[in-house]
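Reader: I'm new to this, so could you zoom in on one part for me? I'd love a close look at a sheet and how its strands are arranged.

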Amino acid sequence: MVVLGSRHLPLCCSLLLCLLLGCVPTEGIIATVGTDATLLCNYDAKYYGKLPVCWGRGAIPNSGCANEVIKSDGRTVVHRLTERYLLMGNQGAGDVSLTIRQVEESDSGTYGCRVDIPGWFNDHKHQVTLTVVAVRPDPLMVQTREVKERSVTIRWNPVFDGGRPITSYMVDLKNKQTSWDTGVRTEISNPELTQVTLVDLRPAKSYNIRMFVVNSIGMSEASNVLTITTKEAAPEGTPLDMRIEALTSHSIKVTWKPPSADLRNGVLQSYSVSYREYDPAGRQYKRWQHQSVTATQELESLILSNLKPSTKYGVIIQAKTKAGIGPASTAPLCSTLDEVHTTSEVVTVTPTSTDTTMQRQETSSFTTAVESVTDAIDWEQSTSSFTSVHTTSEVVTVTPTSTDTTMQREETSSFTTAVESVTDAIDWDQSTSSFTSVPPDPPVVELKEVIDTSISLCWTPGFEGDSPITGYYLEYKALNASWDYTKAVVDFSPNQTEATIIEINPSTYNIRMFAKNSLGTSKASNVLTITTGRTGHQKIDTATTVSSELVSSEPLSPDAAASVNGSHNGHLAAIVMSVVLVVLIVAIVTTWQIRRVRQKEGSLSLWESNLPLRLRDSESLQEL
């Protein structure tokens, strides 16, 4: 028995110490960042009544609570570290559990609960280990800000980051009719953004857009899915299979098909058919006449009537959507058939030579006046003016009496005076507007970075002119395209000086900007040439901001390439020779210094060895 007791003596001592000091049970709780965590602690309030209680961080000491976060006297809370620490249980029933609101990773650790029960070693102690883990961010709620023909701008509000900083966003885009597997995903590396613009979309097409948020833990769930339809634009394609056929001496039949479906950029509303006369040599000398045809079928046709016999006509056709008119399709000139003449007696009134000469001069001056005014007056107005006066001219030609000739001169003079008045009024209006309206200067655009298909831009506003700047807009086109076609336009607010756009189709593009105020639009800014679709960051130097029209694209000739390589080899040889010479000079100087040091050491040793001899000689001489 003595042996058995001696073996269990340490265990018995531990149990006794535990009874004296109080052993603290421990449990663990795992919570996620941003949620509320409740750490349980209860005692028998029916037996003891309401008692003081405290919570602290770390192990429970012999008295009180270490790093106290909250304390109650049994009725009310008398101390609280922050408003996040609450006693939300029923203290009258003995529930003194601690609730921590919106826990963070820094809240992880051990928490101790002490209930102050009267008497020695009677306090109720309970420890809880809280582990707070970060999670993926919450999903975004994405909204549409602006939809245009070839671009869409979306925005979102910041969301809970899951306890870890947001590192990037992901934007998915796909055609509405396809699955997400066929979509395009673009990463946005700037976590501070709250909006982005997707460009190079097709007009009148429906797309789906969704987004994800990324932190170091992972990627959030998908956001809500936006369904957007871009606005219509003017057609990019010309009408197809255009044919012209002469039917009679006064009519021509024109047939054509609609543009290619992927180039219509919307619903075709109508076609504009324009035609005019040409002289026998194929030179134009009449103005365009226009007819409109409603787009209804896949093969359209139109008969042009009231034409002149044996006359060449040129015809062009343009497709229209509600957004605008597209490029024109052309066909070779077509001549009406010859007119069949019938025998009939015709009475011709021939004017005198003097009247004819005056008429030709007056008609020539009239024609010159008409041509000068057509540059300043609307086409329809000039056409109507031309027709009415031409009728008057024909009447004068048929009845060339002296009185009518005088009337013709007066009418021509009045018309010329009216033309001059209109021209002067237009010139004055233009000069006045140019004098009073000062549009803003263009901004200076810079490229911050290109990551894959994401482009980050910033710009510096210029002089605002005579009115505050009301906004900016960006034009965006393929490198080899004209600014007149296939351009995307993105608008920005007047206070915005940077933006991120996502290019859906990786390629090389030109970007320029304009500033706007109430008086007009600035000239174009510098042109950026940007290549997307490359992984990593891309910076652009000043040379690439010059307009592409000003930069020569001729490749180097073989001779030029050879001279470049030769000069490079020559520079390399010169560098190598310089390094060799420097090494030789250093070696020579070092050797010479070493030899000098050695010579000095030899003379010093010789002087020291001769010194005793000299002393001895001097002493012997003194003895003698």
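Author: Here is a walk through one small part, with a bit of background on the chain. This is a predicted model, where local features need pLDDT of at least 70 and side-chain atom pairs count only at pLDDT 80 or more, while totals for chains, interfaces and linings use all residues. Residues are numbered from 1 along each chain as its sequence is written, and side-chain values use heavy atoms, leaving out hydrogens and water.

First, the background. The protein chain has seven helices and 32 strands, which are DSSP runs numbered from the N terminus (helices are H or I, at least four residues; strands are E, at least two). Of its 624 residues, 33% count as buried, meaning under 20% relative accessible area with a 1.4 Å probe, protein chains only.

Now the sheet. Three strands make an open sheet in the order S17-S18-S21, and the pairing is antiparallel; two strands pair if DSSP finds at least two bridges between them. Strand S17 (240–248) and strand S21 (300–304) sit at the edges with a single partner strand each, so one side of each has no neighbour in the sheet. From one strand to the next, the twist averages 15°, using axes that are lines fitted to C-alpha atoms and angles that run from 0 to 180 degrees between N-to-C directions.

Let's follow one pairing. Strand S18 (residues 251–257) runs antiparallel to S21, and five bridges link the two. Look for Val254: its bridge partner in S21 is Leu302. As for what holds such pairs, strands of a sheet pair through backbone hydrogen bonds, either parallel or antiparallel.

Conventions: Buried means under 20% relative accessible area, exposed over 50%, partly exposed in between (1.4 Å probe, protein chains only).
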